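User: I'm new to this one and would like a close look at a single part. Could you pick a spot and walk me through it?

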Amino acid sequence: MFFSHRRGSIVGRRFAPTFVVLAHTGSSVIRALLCGLILMAMGATLPFADAQKLEMSVDVSKDGAKIDRNIFGQFAEHLGHGVYEGIWVGPDSKIPNTRGIRRDVVEALKAIHVPNVRWPGGCFADEFHWRNGIGSPRTVTLNPNWGGVMEPNSFGTHEFMDFLDQIGAEAYLSVNVGSGTPREASEWLEYLTTAQPTTLAKERAANGHPAPYRIGFLGIGNESWDCGGNMTPDYYLSQLKIYSRFVRNFNPAQQDKQQMLKIAVGPGGGELRWTEWTEAIMKAYQHHSWSWDMNGLSMHSYTVVRWPPSFKSVGFTEAEYSQILKSTLEMEDLITKHSAIMDKYDPEKKVALVVDEWGAWYDPLPGSNPGFLVQQNSLRDAVLAALNLNIFARHADRVRMANIAQMINVLQAMIITDKEKMVLTPTYYVFKMYLPFQDATLVPVSFDAGTYTHDKITLPRVDAIAAKDKAGKFWLELTNVDPNEPVEIEVTLAGISAKSATGETLTAPKVDAVNTFDAPHTLQPKPISAKVQGDKLVLKLEPKSVTVISVEQ
Ligand code: AHR
């Protein structure tokens with residue numbers, strides 16, 4: 001078995017029957033829980049507790065943190081058809097391409113303004129040797145992590161940078177700490193970034209790129225506690241310090257401004273071994289000397305319920321729908337827990353929490369190579385994506401980057417391809433609908449979330465975030481988790497004299513609805529009507545829907 005991934009169990013969390021989300025801060029769900037309990041204990045009746053009508057209020061004059069556009073980042077690993085076929089078809093392919101990179105995929109990704117792409121892995125990164133992926137002919141190797149297939153290395157450094165250039169995204173390179181050396185990584189960065197005519201720079205020029213490349217982010221290792229070398233925190237710290245010191249970015253344009261941000265390996269869950277990991281790295285950071293630094297701590301958290309992943313990505317019941325969404329909401333506690341540790345050692349929040357692997361991980365589709373992590377992407381995944389993006393946004397002061405796993409054909413993908421065919425998933429459309437939130441300023445929103453219950457699972461029925469974009473326009477995102485009932489929302493708006501509102505909603509008759517090559521438009525955002533009545537914004541959310549509204553003033 002080439003692929004065997006094991007994780008610790010994820011501790012479940014029960015929700016109180018009614019949720020009152022008071023503010024936009026990271027601890028909002030905990031406070032919601034407490035409020036629900038207090039009000040219940042007092043015998044109080046919450047407004048609309050049983051009706052399909054919920055109230056919200058927003059003071060648009062209030063500002064929260066900036067929602068960093070990098071939370072909408074992507075992840076492209078050499079895994080299954082994520083890179084080969086998904087991005088790279090080669091210049092001789094009949095599939096329309098630009099220098100080997102498929103054009104349909106580039107056009108689709110440009111439309112969602114991908115801010116950064118993490119590459120080449122994942123577990124693959126700790127077995128990737130960059131020299132195999134430059135020049136000609138390429139060295140053919142193996143990909144033991146993912147199906148044991150041959151790795152042609154045809155998509156290497158220059159192809160990745162060309163791809164980024166075509167879609168307009170920043171590079172997030174994950175360097176090989178597990179089976180590489182500091183020298184190998186430092187030479188890669190010199191090859192990529194120096195403007196001086198060193199031997200490596202001349203080699204870069206001979207391979208077609210005289211100008212230095214810009215590298216926005218550097219990941220130092222991947223899951224070094226597991227597939228990246230099973231290191232202890234202390235052992236990893238010794239590597240982190242060495243790589244942070246010697247793997248330099250020489251690009252003259254990135255010296256004072258726009259410096260490359262270094263991201264250390266962080267936790268992979270909420271249990272003791274992970275909190276101890278975060279403690280160790282952050283404690284070392286607090287006392288770090290001039291000779292090393294870090295700007296981000298990575299965190300990986302998949303929605304899986306249990307390992308190995310066994311939930312179906314299509315053809316599932318409401319029971320599985322509610323279990324998966326319950327599990328995904330654990331992201332809130334996980335971020336809160338690790339942020340609290342980071343706050344102890346970094347109260348100024350200089351180090352970002354970078355959720356650089358997140359998303360749903362289901363049972364591989366029947367007939368697919370289990371090492372290729374192929375799954376369908378349904379309306380449930382759209383709801384799941386919105387819930388996670390909202391959690392990141394509410395923690396915008398600490399969570400400044402995230403990368404959904406993975407961009408194409410793998411796990412919770414934006415895009416699914418099959419030879420010349422391409423289809424955009426419901427998750428893709430969520431990322432598109434959230435475009436106004438890239439670099440927007442969070443606005444606190446208070447609301448009674450109501451409840452949705454199935455069997456023994458009770459979840460907040462509604463979720464929401466609000467923000468002002470760079471032009472000052474006000475935006476509201478609303479998710480109705482309930483798969484059966486619509487909900488009427490009345491938003492009281494302060495600090496804005498609203499004239500009208502328009503928006504889009506993404507929904508379908510069934511929770512497991514998907515876009516297919518034959519029916520690619522089953523799920524697409526559709527216009528939704530929202531009324532402004534005095535200081536109120538009134539609209540109805542369809543069951544299992546994701547909605548984004550803008551307000552004109
Ligand atoms: O995304 C698939 C794998 O999940 C990545 O390679 C690894 O980092 C994680 O465990």
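Analyst: Let's start with Lys544, which is buried (under 20% relative accessible area, with over 50% being exposed and partly exposed in between, using a 1.4 Å probe and protein chains only). Even so, Lys544 has no salt bridge, meaning no side-chain nitrogen of Lys or Arg within 4 Å of a carboxyl oxygen of Asp or Glu. The nearest side chain of opposite charge (Lys and Arg count as positive, Asp and Glu as negative, and His and the chain ends are not counted) belongs to Glu542, 7.3 Å away.

A quick word on what you're looking at: this is a predicted model, where local features need pLDDT of at least 70, side-chain atom pairs count only at pLDDT 80 or more, and totals for chains, interfaces and linings use all residues. Residues are numbered from 1 along each chain as its sequence is written, and side-chain values use heavy atoms, with hydrogens and water left out.

Back to our lysine. What does the side chain of Lys544 reach? It's the backbone oxygen of Pro509, at 3.2 Å. As for its place in the chain, Lys544 sits in the loop between strand 26 (536–541) and strand 27 (545–552); strands here are DSSP runs of E, at least two residues, numbered from the N terminus.

For a look elsewhere, try Thr139, in the loop between strand 6 and strand 7. Thr139 has 38% relative accessibility, so this residue counts as partly exposed. Setting aside neighbours within four places in sequence, Thr139 is in contact (heavy atoms within 4.5 Å) with Asn132, Glu151, Pro152 and Asn153.

How values were computed. Helices (H or I, at least four residues) and strands (E, at least two) are DSSP runs, numbered from the N terminus. A polar contact is a pair of N or O atoms within 3.5 Å; within protein, one must be able to donate a hydrogen and the other to accept it, and residues adjacent in sequence count only if both atoms are side-chain atoms.
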